[in-house]
Amino acid sequence: MDIGTREPTFTVSEAAQRVGLTTHTLRWYEQEGLVAPVGRDSTGRRRYTTEDLNWLLLLTRLRRTGMPVRDMRRYVELARQGDGTLGARRALFEEHRVRVLHRMAELEEDLKVLDFKIDHYRRAELGEFD
């Protein structure tokens with residue numbers, strides 16, 4: 001697919017930087033089929049559109065929230081099938097949301113332990129336990 005549009009496009013490095021990935025990871029997303037084939041310029045180099053970047057941002061957020069790659073692949077498959085899969089996509093996100101909320105609750109508990117230890121060491125440094 002040749003990019004012949006006036007829409008701004010981005011190189012692999014620019015796209016990776018904008019979405020917070022390494023170029024290696026960005027290419028891995030492509031190899032895994034998580035990203036639709038990316039347009040190319042007249043010299044054959046990849047050029048990412050704003051739409052490509054938005055898609056990558058969604059994928060990076062899903063990954064950052066701990067979504068397994070298999071679920072990401074499932075989402076991509078469903079999205080490519082069109083509007084007939086809206087319910088399945090919503091269900092996939094709802095299931096993931098429950099996992100994210102559970103993980104957030106775990107992190108809150110972990111944070112309490114850290115806060116306790118920080119307070120303990122601060123008080124010990126001030127000699128409050130002598």
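How much area does the protein expose, and what share of it do carbon and sulfur atoms supply? The protein exposes about 9300 Å², and carbon and sulfur atoms supply 52% of that area. Accessible areas here come from the Shrake-Rupley method with a 1.4 Å probe, and for residues only the protein chains shown count as cover.

This is a predicted model, in which local features need pLDDT of at least 70 and side-chain atom pairs count only at pLDDT 80 or more, while totals for chains, interfaces and linings use all residues. Residues are numbered from 1 along each chain as its sequence is written, and side-chain values use heavy atoms, with hydrogens and water left out.

**The whole chain**

Start with a cartoon view of the protein. It shows five helices and zero strands, and the order from the N terminus is α-α-α-α-α. Helices (H or I, at least four residues) and strands (E, at least two) are DSSP runs, numbered from the N terminus.

Next, show the C-alpha atoms alone. Along the principal axes they fill a box of roughly 75 × 35 × 25 Å. The radius of gyration of the protein is 21 Å, whereas a compact globule of 130 residues would have one near 14 Å. That radius is taken over C-alpha atoms, and the globule rule is 2.2 Å times the number of residues to the power 0.38.

Of the 130 residues, 28% are buried. Buried means under 20% relative accessible area, exposed means over 50%, and partly exposed lies in between (1.4 Å probe, protein chains only). Among contacts between residues at least 6 apart in sequence, 56% join residues at least 24 apart; a contact means heavy atoms within 4.5 Å.

**Residues 9–78**

Select residues 9–78. An unreviewed UniProt entry annotates this span as "domain: HTH merR-type". UniProt positions are given in the numbering used here, feature names are shortened, and annotations may be inferred rather than shown by experiment. The span is 60% helix and 0% strand, and its end C-alpha atoms lie 26 Å apart.

**Leu 62**

Now select Leu 62, in helix 3. Is Leu 62 buried or exposed? Leu 62 counts as buried because its relative accessibility is 7%. Leaving aside residues up to four places away in sequence, Leu 62 touches Met 67, Met 72, Tyr 75, Phe 93 and His 96. Add Phe 93 to the selection: Leu 62 and Phe 93 are 31 residues apart in sequence, and their C-alpha atoms are 9.3 Å apart in space.

**Salt bridges**

The structure holds ten salt bridges. A salt bridge is a side-chain nitrogen of Lys or Arg within 4 Å of a carboxyl oxygen of Asp or Glu.

Select Arg 73 and Glu 32, whose side chains meet in a salt bridge at 2.1 Å, N to O. This pair links distant parts of the chain, 41 residues apart: Arg 73 is in helix 4 (residues 69–81), and Glu 32 is in the loop between helix 2 (23–31) and helix 3 (50–64). Arg 73 is partly exposed, with a relative accessible area of 31%, and Glu 32 is partly exposed at 29%.

Move to Arg 45 and Asp 41. Their closest N and O atoms are 3.6 Å apart, in a salt bridge. Arg 45 counts as exposed, with 54% relative accessibility, whereas Asp 41 counts as buried at 17%.

Then return to helix 4 and select Glu 77 and Arg 74, three residues apart, about one turn of the helix. Salt bridges that share partners also join Asp 119, Arg 123 and Glu 128 into one network. In the salt bridge between Glu 77 and Arg 74, the closest N and O atoms are 3.7 Å apart. Glu 77 is partly exposed at 43% relative accessible area, and Arg 74 is partly exposed at 39%.

**Helix 5**

End on helix 5 (residues 86–125), where Leu 111 lies. Which residues form a nonpolar patch on the surface with Leu 111? The other members are Leu 114 and Ile 118, and the three together have about 270 Å² of accessible area. Patches are made of residues with over 30% relative accessible area and no salt bridge; like charges are joined within 9 Å, and nonpolar side chains (Val, Leu, Ile, Met, Phe, Trp, Tyr) within 5 Å. Leu 111 itself is partly exposed, with a relative accessible area of 41%.

Glu 108 is also found in helix 5 and counts as partly exposed, at 46% relative accessibility. Select Gly 20 as well: the C-alpha atoms of Glu 108 and Gly 20 are separated by 25 Å, with their positions 88 residues apart along the chain.
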